[in-house]
Amino acid sequence: MARSSARRSSVTSQLAAIERDGGDGTIHLARGASLEVTSLGKPYFPQDGVTKGAIMRHYAALAPLLLPLLADRPLALKRYPAGITGKSFYQQNPGDDVPNDVRVETIRTEDGPAPRLVGGDLATLLYCVQLGAIAVHPWHSRLAALDSPDYCLLDLDPGTEAGLAGAVEVARLARAQLARWRLRSAVKTSGSTGLHIAIPLPHGTSYAESAELAEDLATRIARDHPAIATVERRLADRPPAAVYVDFGQNARGKTAASVFSVRARRGAPVSWPLAWRDVGPRLRIERFTVGSVSLAAARRVAEHWTGVLRRRNTRAAFDAAG
């Protein structure tokens with residue numbers, strides 16, 4: 001284990017050295033893998049002084065915790081080749097000329113068989129950043145059971161007047177309802193302005209069942225607390241003092257930013273796992289940034305997310321919910 005950690009630590013040193021020497025070079029990874037990287041000095045967050053190389057070093061440093069969460073999951077990309085102030089675009093197909101050490105698998109999609117990047121190794125993770133991705137967007141399911149998500153996800157997106165305090169209030173209402181249904185849940189900052197709640201699902205749960213649970217929970221909260229929660233999809237129809245409880249990310253192929261993922265927003269914030277006891281008035285999303293988090297800090301809080309997701313909710317509780 002110590003040798004593995006040393007190898008990963010050396011990757012951050014390699015990346016720093018390449019950035020100092022002009023930004024282009026080759027990093028050497030475990031088991032003989034390597035990856036060419038370019039333009040590491042490019043300012044991805046120009047107002048914050050955060051470079052492409054800094055984003056790569058963040059992911060390399062947190063890889064021991066992040067890679068198991070991404071393992072065998074198809075990845076979607078949102079690319080910012082000129083940084084967050086430039087144009088961005090989504091990409092599913094990895095394209096041609098993918099390096100040999102980057103994992104690509106052919107999976108079944110709505111349009112037929114198609115290649116997809118698949119997470120779980122450092123070369124693939126850093127290649128996503130090399131292409132201009134900032135956030136990591138994994139599927140909710142893995143290759144062995146692509147039609148069965150591991151978790152159901154709610155995205156709490158506060159209106160301009162609701163702010164993070166509103167998202168905190170709605171998150172606690174959601175947790176209370178889930179507890180009444182005897183369903184465990186985990187929470188993290190979205191890295192944007194709100195929070196993500198994940199509900200681990202019984203083995204074999206379909207995406208349709210996951211979507212039904214998310215919609216039932218979201219609409220129940222909005223119905224019982226209309227002053228602070230809404231399920232209106234159109235931004236113009238949402239009260240600015242309400243939190244949009246987005247349940248629509250629970251279909252096959254949908255993704256959400258992973259825990260420990262960097263988000264393309266001013267300050268280079270990071271999606272960070274939380275203990276439910278910390279979801280309160282003192283929570284500040286801006287505390288968790290590329291410049292402020294570390295592997296040691298991530299280890300201390302990882303169990304709040306990964307520990308819950310490892311323990312699947314029971315089929316009896318899931319079937320009784322709602």
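Where is the place of histidine 140, in terms of the strands and the loop between them? Select this residue in the predicted model, and you will find histidine 140 in the loop that runs between E9 and strand E10, the latter covering 151-158. With a relative accessibility of 1%, histidine 140 falls under the 20% limit and therefore counts as buried.

Next, show the side chain of tyrosine 151 together with that of histidine 140, since the two side chains make a polar contact at 3.4 Å. Then widen the selection to the residues in contact with histidine 140, leaving aside its neighbours within four places in sequence: among them are Arg73, Pro149, Asp150, Leu153 and Tyr207, as well as Gln249, Asn250, Lys254, Thr255 and Ala256.

From the loop, move to the sheet. Select E6, E5 and E9, three strands that form an open sheet in the order E6-E5-E9, with antiparallel pairing. The edge strands are E6, at 89-91, and E9, at 137-138, each of which pairs on one side only. Strand E5, residues 75-79, is joined to E6 by three bridges, and these two strands run antiparallel. To look at a single pair of residues here, pick leucine 77, whose bridge partner in E6 is glutamine 91.

Finally, turn to the cysteines. Cysteine 128 has a relative accessible area of 5%, which is under the 20% cut-off, so this residue is buried. Cysteine 152 is also counted as buried, because its relative accessibility is 0%. If you search the model for disulfides, the structure holds zero.

Notes. Residues numbered from 1 in each chain as written. Predicted model: local features only at pLDDT ≥ 70, side-chain atom pairs only at ≥ 80, totals over all residues. Heavy atoms only, no water. Pairing = 2+ DSSP bridges. Helix = DSSP H or I, 4+ residues; strand = E, 2+ residues; numbered from the N terminus. Buried < 20%, exposed > 50% of the residue type's maximum accessible area, 1.4 Å probe, protein only. Polar contact = N/O pair within 3.5 Å; in protein donor to acceptor, adjacent residues only side chain to side chain. Contact = heavy atoms within 4.5 Å. Disulfide = S-S within 2.5 Å.
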